[in-house]
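Q: Please go through this model and say, for each label put on it, what value stands behind that label.

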Amino acid sequence: MDEPPALTSQDLTHLRRCLDLAREAFADGDEPFGSVLVDPHGAVLHEDRNRTAGGDQTRHPELELARWAAARLAPEVRPDCTVYTSGEHCPMCAAGHAWVGLGRIVYAGSTAQLTEWRHGWGLSPGPVAPLPINAVAPGLPVAGPAHELAEELQELHRQYADRAASS
Ligand code: ZN
């Protein structure tokens, strides 16, 4: 297997912000996921976090960022923007990201990791196949997971699993 490309310190800074947003989501009763949209110069354009607790399971931050980009960014700017996210895009969000023409994706935790963790904690698999981004959007440049953040991320998702089990 090829070594994944190394993440830069700027990548890690944005991913840490995603983890903060994921913690904010968890504290508010939502699932622990957060994402930021960054322009070609590295400036944060928009950020959001999971908002599914209200009953709409499509309120993923990655889809929200794709729709935000579609509404506000010129099509020729979007491929040079990067989306950072605490957990790899699901197929719905990968498709939204690709349809609006956004560029690189950097994630802290991969879908494969999250699927394995959740299975280990006895959580039932979701209704959508746990495909990697490139199985849905083959042309997208993708980087991750961030091994530097794995422990922190796993702990946050373990807390979510504990809460889900006791509710
Ligand atoms: Zn999603």
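Q: Why is Trp121 called partly exposed?
A: In this predicted model, Trp121 has a relative accessible area of 29%. Buried requires under 20% and exposed over 50%, so Trp121 falls in between and counts as partly exposed.

Q: Is Trp117 buried or exposed, and what makes it so?
A: The relative accessible area of Trp117 is 11%. The limit for buried is under 20%, so Trp117 is buried.

Q: Why are the rings of Trp117 and Trp121 called a tilted pair?
A: The ring centres are 6.4 Å apart, and the planes stand at 40°. Centres within 6.5 Å make a pair, while planes under 30 degrees apart would be stacked and planes over 60 edge-to-face. The angle of 40° meets neither condition, so the pair is tilted. The count under this rule is one aromatic pair.

Q: How do you know which residues coordinate the zinc ion?
A: The atoms ND1 of His60, SG of Cys90 and SG of Cys93 lie at 2.1 to 2.3 Å. Donors are N, O and S atoms within 2.8 Å of the metal, so these atoms count as donors to the zinc ion. The spacing of the donor residues in sequence is H-x29-C-x2-C. Water is not among the atoms, so the site may look incomplete.

Q: Why is Cys93 called buried?
A: Its relative accessible area is 0%. Buried means under 20%, and therefore Cys93 qualifies.

Q: What makes Pro61 buried, and where does it lie?
A: Pro61 has 1% relative accessibility, against a limit of under 20%, so it counts as buried. It belongs to helix α2 (residues 61–72). Leaving aside neighbours within four places in sequence, the contacts of Pro61 are Phe33, Gly34, Ser35, Asp48, Arg49 and Asn50. Arg49 is 12 residues from Pro61 along the chain, and their C-alpha atoms are separated by 4.8 Å.

Q: Why are β2 and β5 called edge strands?
A: The open sheet has five strands in the order β2-β1-β3-β4-β5, with mixed pairing. β2 (44–49) and β5 each have a single partner strand, so one side of each is left without a neighbour in the sheet.

Q: How do you know that β1 pairs with β2 and with β3?
A: At least two bridges are needed for a pair. β1 has five bridges to β2 and four to β3 (residues 82–87), so both pairings satisfy the rule. β1 runs antiparallel to β2, and antiparallel to β3. Val36 has Glu47 as its bridge partner in β2 and Tyr84 as its partner in β3. Ser35 is bridged to Asp48 in β2. Five residues separate the strands of the β1 and β2 hairpin, where Gly42 takes a positive phi near 95°.

Q: What makes β1 mostly covered?
A: Five of its five residues are buried. Gly34, Val36 and Val38 point one way, Ser35 and Leu37 the other way, and all are buried.

Q: What is the largest nonpolar core made of?
A: This core has 18 residues, and those with the most contacts inside it are Leu7, Leu15, Tyr84 and Leu149. At least two residues each come from α1 (9–27), β1 (34–38), β4 (105–109) and α4 (111–120). α1 gives the largest share, five residues. Another core, of 10 residues, lies apart from it and includes Leu37, Trp68, Ala69 and Leu102. Nonpolar side chains tend to be buried together in soluble globular proteins.

Q: Which residues is Tyr84 in contact with, leaving aside its neighbours within four places in sequence?
A: Among them are Asp11, His14, Leu15, Cys18, Val36, Val38 and Val106.

Q: What is special about the peptide bond between Gly144 and Pro145?
A: This bond is cis, with omega about -5°. Pro145 sits in the loop between β5 (142–143) and α6 (150–166).

Q: Why is the protein called as compact as a globular protein of its length?
A: The radius of gyration is 15 Å, close to the 15 Å that the globule rule gives for 167 residues, so the protein is as compact as a globular protein of that length. It has six helices and five strands. Buried residues make up 47% of the 167 residues.

Note on methods. Residues numbered from 1 in each chain as written. Predicted model: local features only at pLDDT ≥ 70, side-chain atom pairs only at ≥ 80, totals over all residues. Heavy atoms only, no water. Core = buried A, V, L, I, M, F, W, Y, C linked by side-chain atoms within 4.5 Å. Buried < 20%, exposed > 50% of the residue type's maximum accessible area, 1.4 Å probe, protein only. Contact = heavy atoms within 4.5 Å. Donors = N, O, S within 2.8 Å, 3.2 Å for Na, K, Ca; no water. Phe/Tyr/Trp six-rings, centres within 6.5 Å; stacked < 30°, edge-to-face > 60°. Rg over C-alpha atoms; globule rule 2.2 N^0.38 Å.
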